[in-house]
Amino acid sequence: MDEEVAKAMHCNESVIEYFETACWGCGLRLHLASYSPIFKCGWCGAITDRNQSVRKADSVCFSRWRGLRDRFFVALLFLFMIFVICAGVWAVYPVVFSVSYLYGMFHCTLTAILSICTILSFYLSAFRSAGTQTNVQWGSYPVVGKGSLENYTFCVYCGKPKSPRSHHCRSCKMCVLDMDHHCPFIGNCVGAANHRSFIAFLIAVVVSCTYVVSMSIYAGYHVWPPLEYEHLALARLSSLGAIGALKLVAAALANSALLLSARGLLLIYLAFASLSVEIVFRFLLGSANAMKLQQRLSSKLL
Ligand SMILES: [Zn+2]
Ligand SMILES: [Zn+2]
Ligand SMILES: [Zn+2]
């Protein structure tokens, strides 16, 4: 009986076929019990994915297009910020100073603070590195210590180890630590190093736009020409009804808008443009916070 069991075990052992392969992290030769496209090295902890193949570098046209797109959005956003600050100063300052000197000074201070916060946070999030991963030794066994490449994968674009918290960005052409997304408005990735300044920039834009909208409406109200109603009589107004009265007011507004000064027209443009930008950035802020929350939840669950 024992002989039969020993024979059966021997047969089983002889059936097992070992696959020999090498770990990209430490270079050790590994023997796998069966063919597996993805496996983890028992020594350094690096993960090898044999489904990955060395990727060709992106075409010159693709890289140029992405670079141009990023530069265009960054320049557009920067010019818009400068325009809103200069136009706001030109259009709103005389109005608030004419109302009260103290109010004018308060407006000057608040404008300066909001402008500095917005431009500084924009600079920090756009022109600072989004977060580079630390350089690690890899490739040969004595140099690579036990567990030193734990859960590292191999980036086929960079041709280097990629830490579990990193993601490769084809626009920035590098692996970014804690990458959230590549934002064309700042022409940069949002990662570990600039996530705070990016959120600060979004908040600064939303607060500044809210202030610009409210000040444009306030100053526009002061510079708006007086409304003139044609053939207005109380008896007629009562016979017009609500819709007729509204039409009368709209016609008076349209007539007076034709008499608006350049300052008034600029204030209307500022109010609408800032409101549009505020809506877009509120949406971005909401999605950025949702992404961060999702990342935190998933890291806690893991
Ligand atoms: Zn290894
Ligand atoms: Zn990479
Ligand atoms: Zn990027």
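**A tour from K173 to the helices**

Select K173 first: this residue is partly exposed, because 14 other C-beta atoms lie within 10 Å of its own, a count between the limits of 12 or fewer for exposed and 20 or more for buried. The model on screen is predicted. K173 sits in the loop that links β7 (166–169) to β8 (174–177). Check its backbone: phi is near 55 degrees, a positive value in a residue other than glycine. Most residues other than glycine have a negative phi.

Go next to N151, in the loop between α3 and β5 (153–155). Here phi is near 60 degrees, again positive in a residue that is not glycine. Is N151 buried, exposed or partly exposed? N151 is partly exposed, since 13 other C-beta atoms fall within 10 Å.

Now zoom out to the whole chain. It holds 6 helices and 10 strands. Of its 302 residues, 23% count as buried. Among contacts between residues at least 6 apart in sequence, 61% join residues at least 24 apart.

Select residues 60–99, which form helix α2. At 1.5 Å a residue, these 40 residues should span 58 Å, and the C-alpha atoms at the two ends are 58 Å apart, so the expected and modelled spans agree. Where in α2 is the kink? Centre on V92: a kink of about 35 degrees lies there, shortly before the proline P94. V92 is also one of the buried residues of α2, along with D70, V84, G88, A91, V95 and V96.

Keep α2 and add helix α3, residues 101–127. α2 and α3 pack at an angle of about 175 degrees, with their axes 9 Å apart. The two helices are therefore roughly antiparallel. To see the contact, show side chains on both: from α2, the residues that meet α3 include V74, M81, I85, V89 and V92. On the α3 side, the partners include Y101, Y103, H107, T111, T118 and A126.

Last, hide α2 and bring in helix α4, residues 195–223. How far apart are the axes of α3 and α4? The axes are 8 Å apart, and the helices pack at an angle of about 150 degrees. That angle is over 145 degrees, so α3 is roughly antiparallel to α4. The crossing of this pair is left-handed. In α3, select L110, L114, C117 and F122, among the residues that meet α4. Their counterparts in α4 include F198, F201, V205 and Y211. T118 of α3 appears in this contact and also in the contact with α2.

Definitions and conventions. Residues are numbered from 1 along each chain as its sequence is written. Chains are lettered from A and ligands numbered from 1 in the order in which they are written. This is a predicted model: local features need pLDDT of at least 70, side-chain atom pairs count only at pLDDT 80 or more; totals for chains, interfaces and linings use all residues. Helices (H or I, at least four residues) and strands (E, at least two) are DSSP runs, numbered from the N terminus. The expected span of a helix is 1.5 Å times one less than its number of residues. The bend at a residue is the angle between axes fitted to the seven residues ending there and the seven starting there. Two residues are in contact if their C-beta atoms, placed from the backbone, lie within 7 Å. Axes are lines fitted to C-alpha atoms, for helices over the stretch in contact, and angles run from 0 to 180 degrees between N-to-C directions. Angles under 35 degrees count as roughly parallel, over 145 as roughly antiparallel, 65 to 115 as roughly perpendicular and the rest as oblique. A crossing is left-handed if the near helix is turned anticlockwise from the far one by less than a right angle, and right-handed if clockwise.
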